[in-house]
There are 2 protein chains.
Amino acid sequence: MSLLIRSSYVSHLTLYQPRNSKSSSFTNQISFFFSSFNHNPFVNLVNKRNPTIMQSVSSSSSSSSKMAVKSSLIDPDGGELVELIVPESEIGAKKAESETMPKVKLTKIDLEWVHVISEGWASPLKGFMREDEYLQSLHFNSLRLQNGTFVNMSLPIVLAIDDETKEQIGSSQNVALVCPQGDIIASLRSIEIYKHNKEERIARTWGTTSPGLPYVEEYITPSGNWLIGGDLEVFEPIKYNDGLDHYRLSPKQLRKEFDNRQADAVFAFQLRNPVHNGHALLMNDTRKRLLDMGYKNPILLLHPLGGFTKADDVPLDVRMEQHSKVLEDGVLDPETTIVSIFPSPMHYAGPTEVQWHAKARINAGANFYIVGRDPAGMGHPTEKRDLYDPDHGKKVLSMAPGLEKLNILPFRVAAYDTVEKKMAFFDPSRAKEFLFISGTKMRTYARTGENPPDGFMCPSGWNVLVKYYESLQESEESSKQQAVVSA
Amino acid sequence: MSLLIRSSYVSHLTLYQPRNSKSSSFTNQISFFFSSFNHNPFVNLVNKRNPTIMQSVSSSSSSSSKMAVKSSLIDPDGGELVELIVPESEIGAKKAESETMPKVKLTKIDLEWVHVISEGWASPLKGFMREDEYLQSLHFNSLRLQNGTFVNMSLPIVLAIDDETKEQIGSSQNVALVCPQGDIIASLRSIEIYKHNKEERIARTWGTTSPGLPYVEEYITPSGNWLIGGDLEVFEPIKYNDGLDHYRLSPKQLRKEFDNRQADAVFAFQLRNPVHNGHALLMNDTRKRLLDMGYKNPILLLHPLGGFTKADDVPLDVRMEQHSKVLEDGVLDPETTIVSIFPSPMHYAGPTEVQWHAKARINAGANFYIVGRDPAGMGHPTEKRDLYDPDHGKKVLSMAPGLEKLNILPFRVAAYDTVEKKMAFFDPSRAKEFLFISGTKMRTYARTGENPPDGFMCPSGWNVLVKYYESLQESEESSKQQAVVSA
């Protein structure tokens with residue numbers, strides 16, 4: 001039985017093997033998985049994943065109307081999608097009440113978390129974490145529900161306040177949340193205030209306390225020594241008025257859209273870089289594999305991260321323009337693709353963060369999640385090495401408590417095939433004929449005005465990047481000139 | 001229902017409230033627990049703990065013979081106690097075979113872990129962790145069993161090797177383990193070798209990478225850059241020949257002893273300090289509370305840690321002599337107390353380590369675990385503060401995956417009552433009349449030859465400590481003199 005399941009799992013995975021190659025780095029790595037899981041008395045990736053796949057396949061063979069009736073392909077964590085926007089009829093009263101509460105000023109990133117929590121991306125979380133939730137997240141990457149089951153919760157979703165604010169709150173049970181522009185946008189009720197041990201939070205979340213972690217330096221280090229948890233009530237849906245709000249679909253809206261399209265499988269692709277043809281190859285190949293598995297209408301959720309990113313990442317507006325070109329050029333099929341913004345800030349916390357990225361997509365209705373090499377990883381801030389083992393993200397994700405119902409699709413490395421003159425799945429048997437173009441290298445091409453090899457990215461998408469880096473240099477030069485003038 | 005359970009739980013806990021006080025720091029802290037758990041949509045300490053208590057109470061009311069038939073009060077993790085000692089009949093062949101295997105040299109602490117694993121303290125772990133177990137331990141503090149349930153596993157139980165040893169192992173599937181004295185004592189089979197990222201291991205285990213962590217400096221920093229996992233086979237039970245081996249009962253031996261004594265409850269007390277009358281008060285009080293709860297024969301497992309401890313802790317042999325005096329003097333009742341050595345090394349990793357301390361005692365048959373303030377904690381190595389929040393150990397333990405079947409007994413702080421001239425549970429209403437004597441302060445008393453207040457510790461036990469510190473000073477002085485002579 002276990003063997004049967006295993007073999008069926010293998011056949012599922014080996015679909016990813018290049019037709020014209022003996023083996024690939026990916027399938028090698030899977031066989032490594034098995035060699036380790038065979039010995040492991042505890043974990044069985046297969047038993048966790050397969051039932052979901054089987055179930056999906058069988059359900060996919062039923063009528064598409066039945067799909068629609070289901071209203072979603074996968075239940076939100078906790079069984080019910082959390083939504084914390086105050087009903088229209090109560091807004092007036094709630095706002096008036098909040099005026100009387102002690103005020104907590106939010107940073108830009110706090111606001112992104114308010115957005116995330118209010119729309120249910122973190123379901124079943126109903127507000128910023130209280131200490132018992134914080135401790136479970138920090139130590140177990142999961143929260144226990146009253147029925148004894150676990151939901152995944154790998155990142156502490158917390159709100160920091162300083163000593164002065166704590167003083168002002170005193171013994172109040174509720175506080176008002178004030179956005180950076182100065183308006184009260186939400187309240188936090190039945191609050192709990194507890195110590196913010198930054199060193200421990202950072203060490204347990206990133207696995208290092210090295211200086212130079214972007215989220216830490218931008219957000220945690222300057223933050224207060226206390227954390228405040230409670231139940232969140234948001235007065236209006238969070239908008240950014242940056243011309244991109246129409247891309248910001250909530251989990252509820254996404255689930256509705258998947259049903260409108262009669263999706264019988266939804267595969268999510270998280271990214272924070274421009275889409276090159278390697279990504280496209282992967283996404284199109286994944287859809288083909290899902291069709292081969294018996295699904296009738298797999299929908300791609302192309303889900304760029306929209307919150308805080310480090311300074312040298314390509315800004316959101318540029319990425320969104322680039323993504324739209326990729327769809328206009330038909331590199332991805334608009335009929336079977338939904339492009340939407342994931343409002344979470346980026347931690348660059350590797351294996352810990354990739355769990356959050358996957359968990360949030362469950363709440364948005366995705367039942368397949370594509371995971372690549374070194375997800376949410378970065379170079380070590382002070383040492384010449386990757387901060388995380390590039391394989392750990394995939395492995396941790398596959399074993400994470402609360403993610404059993406999600407199908408994890410590890411993806412094969414795509415690189416530029418210098419013979420075929422196009423992006424293709426890496427074939428180790430002719431490794432020398434492949435050129436690896438990392439996000440960093442891609443950005444360097446665009447910055448220096450050098451063209452990447454033909455077939456790396458659709459020209460219109462590439463022009464978006466080139467224009468961005470040109471504008472960047474112009475602004476740098478003009479600021480230099482201003483500096484000279486003012487000197 | 002939830003309220004009913006909650007109230008019964010409260011009544012169970014408030015048994016710990018001093019009769020003559022309005023409230024105590026402990027009951028305050030419990031009420032804090034409830035204020036937080038009331039708000040918490042996920043966790044319910046009560047639902048986790050109470051069924052076990054109810055079940056134990058009801059079973060305790062049945063015949064003691066039925067107790068004996070059960071052969072244990074609580075199942076080992078994984079359902080079966082792991083024992084990895086090779087059967088007598090196979091030892092010859094196994095030893096001969098191991099001679100042909102690549103050799104891995106063990107440190108003193110490695111050997112302590114071989115001891116721990118071989119006797120099943122870490123059940124269901126069958127050897128040093130492979131990478132998937134290591135990653136689950138590091139990220140989730142737990143391991144998933146094939147049936148989908150979790151067992152707690154908060155400390156990575158791993159064996160490090162250096163580049164040269166890895167080279168020598170090459171592609172061998174099995175290795176022989178060589179103890180510090182040079183004998184082959186075990187083999188590790190179907191091995192897996194993976195990277196030892198020390199920084200990440202330390203950060204995720206201790207919540208800090210600060211220099212000065214005893215276990216890290218003694219063991220991890222000097223260790224190799226690779227970890228080797230596999231299935232352990234030990235040729236003979238591990239012995240230390242230090243005159244204390246008779247105290248080292250295996251989980252199997254302890255379970256047998258509990259049954260011989262017809263225990264219907266076993267409460268474990270982990271310590272690495274001499275037993276003072278505050279500890280005794282607590283342990284005797286706990287037994288009384290368990291009798292009040294309906295248990296007929298609660299047995300105390302007084303379980304000092306016997307592995308690696310930091311330099312300024314009192315050595316094991318001195319502690320064992322001190323403990324025996326405490327029993328001789330009748331401060332603890334030998335009839336209802338079992339003194340045994342827990343062979344694990346000490347990490348001083350606070351909330352992460354206390355889970356290990358509790359989990360290992362489940363495997364030894366304890367169904368109640370006493371937890372105090374700041375368990376397995378220490379001062380921050382470089383900052384003037386506790387490394388961990390003193391309440392976090394208790395909270396994390398109460399929420400830890402895989403420990404649901406264990407009854408956690410948070411204990412009240414005992415201090416020296418300067419009015420009653422004895423150790424008593426701290427009464428905040430007359431806080432000024434209490435004197436707190438920490439382990440550090442106790443050691444200072446003994447080192448300086450100053451007597452602690454009457455009633456702090458039984459005189460014969462105290463003399464053991466005084467003698468130890470006298471001998472320490474003598475050896476220090478003689479070594480100074482030698483230094484002078486040789487200078």
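Q: Helices are DSSP runs of H or I with at least four residues, numbered from the N terminus. In this predicted model, which residue just after α6(A) takes a positive phi?
A: The residue is G120(A), with a phi of about 90°.

Q: What makes helix α6 of chain A largely enclosed by the rest of the structure?
A: Buried means under 20% relative accessible area. Ten of the eleven residues of the helix, which spans residues 108-118, are buried, so α6 is largely enclosed. Among the buried residues are I109(A), L111(A), W113(A) and V116(A), together with D110(A), E112(A) and H115(A).

Q: What covers the buried residues of α6(A)?
A: The cover includes the strands β1 (103-105), β5 (175-178), β6 (184-195) and β7 (226-234) of chain A, as well as the helices α10 (214-220) and α14 (350-363) of that chain.

Q: Why is the pair of F269(A) and F411(A) called tilted?
A: Ring centres must lie within 6.5 Å to pair, and planes that are neither under 30 degrees nor over 60 degrees apart count as tilted. Here the centres are 6.2 Å apart and the planes stand at 45°, so the pair is tilted. A search of the whole structure finds 27 aromatic pairs over all chains.

Q: How do you know that this pair links distant parts of the chain?
A: F269(A) belongs to strand β8 (residues 265-271), whereas F411(A) sits in the loop between β12 (407-410) and β13 (414-417); the two are 142 residues apart.

Q: Is F269(A) buried or exposed, and why?
A: The relative accessibility of F269(A) is 4%. The cut-off for buried is under 20%, so F269(A) counts as buried.

Q: Why is the pair of F456(B) and W462(B) called edge-to-face?
A: Planes over 60 degrees apart count as edge-to-face. The planes of F456(B) and W462(B) make 80°, with 6.4 Å centre to centre, so the pair is edge-to-face. Both rings belong to buried residues, because F456(B) has 0% relative accessibility and W462(B) has 5%.

Q: How do you know that R361(A) lies over the face of F342(A)?
A: CZ of Arg must be within 6 Å of the ring centre and within 35 degrees of the ring normal. R361(A) lies over the face of F342(A) at 3.9 Å from the ring centre. R361(B) lies over F342(B), also at 3.9 Å. In chain A, F342(A) forms one aromatic cluster with W113(A), W121(A) and W356(A).

Q: Which residues have the most contacts inside the largest nonpolar core?
A: They are I157, L177 and W356 of chain A and I157, L177 and W356 of chain B, in a core of 172 residues.

Definitions and conventions: Residues are numbered from 1 along each chain as its sequence is written. Chains are lettered from A and ligands numbered from 1 in the order in which they are written. This is a predicted model: local features need pLDDT of at least 70, side-chain atom pairs count only at pLDDT 80 or more; totals for chains, interfaces and linings use all residues. Side-chain values use heavy atoms; hydrogens and water are left out. Rings of Phe, Tyr and Trp (its six-membered ring) pair if their centres lie within 6.5 Å; planes under 30 degrees apart count as stacked, over 60 as edge-to-face and the rest as tilted. Buried means under 20% relative accessible area, exposed over 50%, partly exposed in between (1.4 Å probe, protein chains only). A nonpolar core is a set of buried Ala, Val, Leu, Ile, Met, Phe, Trp, Tyr and Cys residues joined through side-chain atoms within 4.5 Å. Contact means heavy atoms within 4.5 Å.
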